[in-house]
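Reader: I am new to this structure and would be grateful for a close look at one part of it, namely the place where the chains meet. Please set that part in the context of the whole.

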Amino acid sequence: MNSFTQWLQATGFSMFIRGSLYAYPVILALHMVAIALFGGMILMTDLRLLGWTAGGLSVSDVVDRLRAPKIAGFIFAATCGLLLLIGNPEKYLANIFFRIKLVLFVLVALHALAFRRGVYRQAAELDTAPRMPARARLAACLSLLLWFSIACAGRGIGYIVYRPD
Amino acid sequence: MPIDNPINAFELAFPIVQCIHVAGFALSAGTVAIVDFRLLGLILPQRTPAQLLRETALWTLSGVILMIVTGLLLFSSDPDMYLLNFSFDLKMILLALAIAFNYTIHRRAVQSSPSPVTGKFVACASLALWISVLFGGIFIGFSPQVLGFKA
């Protein structure tokens with residue numbers, strides 16, 4: 001693993017991202033664009049599951065019909081994130097906030113699995129429910145907490161990685 | 001008697017406020033983007049853009065307020081640096097344009113069931129404005145004065 005990161009760090013592509021005056025901030029800005037565009041959909045999903053929206057959107061709208069665009073946004077964000085990682089693999093892998101962020105992504109996956117049957121595969125049933133069941137509201141609260149933590153961890157990474165000499 | 005600005009008193013205050021600033025941005029630009037993606041025909045064909053605007057408007061406004069309040073706090077940490085920062089000045093102009101556009105042309109176009117071409121044009125302009133605000137924000141931290149280079 002160590003020799004792999006050393007090899008990666010020495011590739012021309014990695015050196016380009018690290019050394020160019022614009023590559024890093026432009027990729028970072030694109031990473032943030034993905035977060036803004038895709039984060040809004042996650043927020044609306046959670047707000048809908050909490051019952052804090054005007055009611056014009058159904059649970060099926062935000063859970064089922066926004067699934068594909070959310071996945072597309074996530075892939076876009078992850079690709080930009082991967083490029084940032086390639087630019088400075090040794091610093092990122094040693095970065096405590098980077099590690100916390102990876103753990104948080106594992107928790108996001110577990111969250112999706114845990115609420116899959118009760119919430120995310122039951123959108124049609126939730127549409128007709130008189131009020132949101134507790135499990136749906138719990139899923140939404142945890143999702144908000146996890147994604148906000150991921151954004152904070154991401155912000156933390158930059159405080160350590162991008163220290164100009 | 002000078003009063004210490006709390007944002008400079010604790011090392012963690014600035015990054016924490018910045019995280020909330022990002023959340024405010026995701027809430028404002030992210031909810032506008034939902035309407036814009038609908039105008040572009042990319043998502044939720046069974047809802048009209050006007051329906052999505054009604055659904056998101058309050059959250060967009062909350063995000064804008066959160067973003068401006070936290071932005072002012074961040075600005076107060078070092079006003080001179082920000083004012084002299086070209087990216088910051090540009091970002092403020094773009095932000096004013098984005099907000100003005102959102103609450104005039106964008107809103108009116110969405111509510112009047114625009115033709116597909118008009119709708120797509122308005123959506124692209126809106127997305128371009130919000131994305132450029134975000135680029136301006138990122139580049140504040142990468143400008144020569146912040147990095148300590150000799151400009």
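Author: The crossing of helix 3 of chain A and helix 6 of chain B is right-handed (the near helix is turned clockwise from the far one by less than a right angle; anticlockwise would be left-handed). Helices here are DSSP runs of H or I with at least four residues, strands are runs of E with at least two, and both are numbered from the N terminus. The model is a predicted one, in which local features need pLDDT of at least 70 and side-chain atom pairs count only at pLDDT 80 or more, while totals for chains, interfaces and linings use all residues. Residues are numbered from 1 along each chain as its sequence is written, and chains are lettered from A and ligands numbered from 1 in the order in which they are written.

Helix 3 of chain A spans residues 23–50, and helix 6 of chain B covers residues 116–140. Their axes come within 9 Å and cross at roughly 135 degrees (axes are lines fitted to C-alpha atoms, for helices over the stretch in contact, and angles run from 0 to 180 degrees between N-to-C directions). At that angle, helix 3 of chain A is therefore oblique to helix 6 of chain B (under 35 degrees counts as roughly parallel, over 145 as roughly antiparallel, 65 to 115 as roughly perpendicular and the rest as oblique). On the side of helix 3 of chain A, the contact is made by A:Pro25, A:Leu28, A:Ala29, A:Met32, A:Val33 and A:Ala36. Helix 6 of chain B answers with B:Ile131, B:Leu134, B:Phe135, B:Ile138 and B:Phe139. Two residues are in contact if their C-beta atoms, placed from the backbone, lie within 7 Å. Eleven nonpolar residues take part in this helix pair, with no polar and no charged ones (Ala, Val, Leu, Ile, Met, Phe, Trp, Tyr, Cys and Pro count as nonpolar, Asp, Glu, Lys and Arg as charged, and the others, Gly among them, as polar).

This pair belongs to a wider meeting of the chains, in which 29 residues of chain A are in contact with 31 residues of chain B. On the side of chain A that touches chain B, two or more residues come from each of helix 3, helix 4 (59–65) and helix 10 (134–161). Helix 3 of chain A gives the most to that side, with 14 residues. By class, the same side of chain A has 21 nonpolar, five polar and three charged residues.

A:Ala36 merits separate attention. Apart from its neighbours within four places in sequence, A:Ala36 is in contact with B:Phe25, B:Ala26, B:Ala29, B:Gly30 and B:Leu134. A:Ala36 is also one of the residues that touch the most other members of the largest nonpolar core, along with A:Val33, B:Ala26 and B:Leu134. That core has 79 residues, and a nonpolar core is a set of buried Ala, Val, Leu, Ile, Met, Phe, Trp, Tyr and Cys residues joined through C-beta atoms within 7 Å. Helix 3 of chain A gives the most to this core, with 18 residues. In soluble globular proteins, nonpolar side chains tend to be buried together.

Within chain B, another helix pair may be set beside the first. Helix 2 (residues 13–39) and helix 3 (residues 49–76) of chain B have axes that come within 8 Å and cross at roughly 155 degrees. Helix 2 and helix 3 of chain B are therefore roughly antiparallel to each other, and their crossing is left-handed. Their contact has 19 nonpolar, eleven polar and one charged residues.

The loop between helix 2 and helix 3 of chain B holds B:Ile43. B:Ile43 counts as buried because it has 21 C-beta neighbours inside 10 Å (20 or more other C-beta atoms within 10 Å make a residue buried, 12 or fewer exposed, and numbers in between partly exposed, with C-beta atoms placed from the backbone). Residues up to four places away in sequence aside, B:Ile43 touches A:Leu66, A:Pro69, B:Phe37 and B:Arg38.

A:Cys141 lies in helix 10 of chain A and, with 13 C-beta neighbours inside 10 Å, counts as partly exposed. The C-alpha atoms of A:Cys141 and A:Leu49 are separated by 9.0 Å, although these residues are 92 apart along the chain.

As for the chains as wholes, chain A has ten helices and zero strands, and 35% of its 165 residues count as buried. Chain B has seven helices and zero strands, with buried residues making up 41% of its 151 residues.
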